[in-house]
Amino acid sequence: MADQKNPCDLPCTKCGSTDVMRRFWPKGEQRQAKKYDGFMSRFVSVSCWSATAQRDHIVHHCRCCQFEWSTPPMTARKAA
Ligand SMILES: [Zn+2]
């Protein structure tokens with residue numbers, strides 16, 4: 001796993017831009033949903049206008065093409 005990229009090194013998967021805004025979203029934290037009853041990502045459940053993270057994840061938002069996607073956080077390194 002040494003060559004696995006950290007979430008902060010991931011370029012936009014749509015346009016390749018590295019100008020990506022990222023926000024960590026911890027499990028259980030509620031935020032305002034973007035769409036009513038809309039699906040945001042596989043890490044989030046949405047009901048009415050509130051969205052709740054089902055697990056820790058990072059939301060990436062590309063400033064170049066506005067694409068948004070989510071990834072799991074870094075996996076904790078195991079002590080050798
Ligand atoms: Zn992009």
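**Reading loops, strands and burial in an all-strand chain**

Mentor: Let us start from Cys48, whose place is in the loop between β3 and β4, and keep in mind throughout that this is a predicted model.

Trainee: What is the phi of Cys48?

Mentor: The general idea comes before the case: most residues other than glycine have a negative phi. Cys48 departs from that pattern, since its phi is near 50°, a positive value in a residue other than glycine.

Trainee: Does Cys48 count as buried or exposed?

Mentor: Burial is read here by counting C-beta neighbours inside 10 Å, where 12 or fewer gives exposed and 20 or more gives buried. Cys48 has 8 such neighbours, and therefore counts as exposed.

Trainee: Which residue takes a positive phi in the hairpin of β5 and β6?

Mentor: That residue is Gln66, with a positive phi near 70°, in a hairpin that has five residues between the strands. Gln66 is found in the loop between β5 and β6, and it has 10 C-beta neighbours inside 10 Å, so that it counts as exposed.

Trainee: How many helices and strands are there in the chain?

Mentor: The chain has zero helices and six strands, so read the fold through the pairing of its strands, beginning with the order of each sheet, then its edges and then its twist. One open sheet has three strands in the order β2-β4-β3, and the pairing is antiparallel. At its edges stand β2 (30-32) and β3 (44-47), each of which has a single partner strand, so one side of each is left without a neighbour in the sheet. On average, neighbouring strands of this sheet are turned by 30° against each other, with direction ignored.

Trainee: Over how many bridges do β2 and β4 pair?

Mentor: β2 and β4, the latter covering residues 50-53, pair over three bridges in the antiparallel sense. For a residue-level view of that pairing, look at Gln30, which stands opposite Thr52 in β4.

Trainee: What is the order of the strands in the open sheet that holds β1?

Mentor: That sheet, also open and of three strands, runs in the order β1-β5-β6 with antiparallel pairing. Here β1 and β6 are the edge strands, and because each has a single partner strand, one side of each is left without a neighbour in the sheet. The twist in this sheet averages 25° from one strand to the next.

Trainee: Which residues pair across the strands of this sheet, for instance with Met21?

Mentor: Strand β1 (residues 20-25) and strand β5 (residues 57-62) pair in the antiparallel sense over six bridges, and within that pairing the bridge partner of Met21 is His61 in β5. On the β6 side, β5 pairs with residues 68-71 over four bridges, again in the antiparallel sense. Two residues of that pairing can be followed by name: Val59 has Ser70 in β6 as its bridge partner, while Ile58 stands opposite Thr71 in β6. When you inspect such a ladder, remember that in a regular strand the side chains alternate between the two faces of the sheet.

Trainee: Does Trp25 count as buried or exposed?

Mentor: Trp25, which lies in strand β1, has 22 C-beta neighbours inside 10 Å and therefore counts as buried. Not counting residues up to four places away in sequence, Trp25 touches Ala53, His57 and Val59. Sequence distance and spatial distance can be read side by side here, as Trp25 and Val59 are 34 residues apart along the chain, with their C-alpha atoms separated by 7.1 Å.

Trainee: Where is Cys12 found?

Mentor: Cys12 is found in the segment before β1. With 20 C-beta neighbours inside 10 Å, a count that meets the cut-off of 20 or more, Cys12 counts as buried. Leaving aside neighbours within four places in sequence, its contacts are Ser17, Val20, Cys62, Cys64, Cys65 and Phe67. Cys12 also gives us a way back to Gln66, for the two are 54 residues apart in sequence and 9.4 Å apart in space, C-alpha to C-alpha.

Trainee: What share of the residues of the whole chain counts as buried?

Mentor: Of the 80 residues of the chain, 10% count as buried. As for contacts across the chain, among those with a separation of 6 or more, 49% come from residues 24 or more positions apart.

Note on methods. Residues are numbered from 1 along each chain as its sequence is written. Two strands pair if DSSP finds at least two bridges between them. Axes are lines fitted to C-alpha atoms, for helices over the stretch in contact, and angles run from 0 to 180 degrees between N-to-C directions. Two residues are in contact if their C-beta atoms, placed from the backbone, lie within 7 Å.
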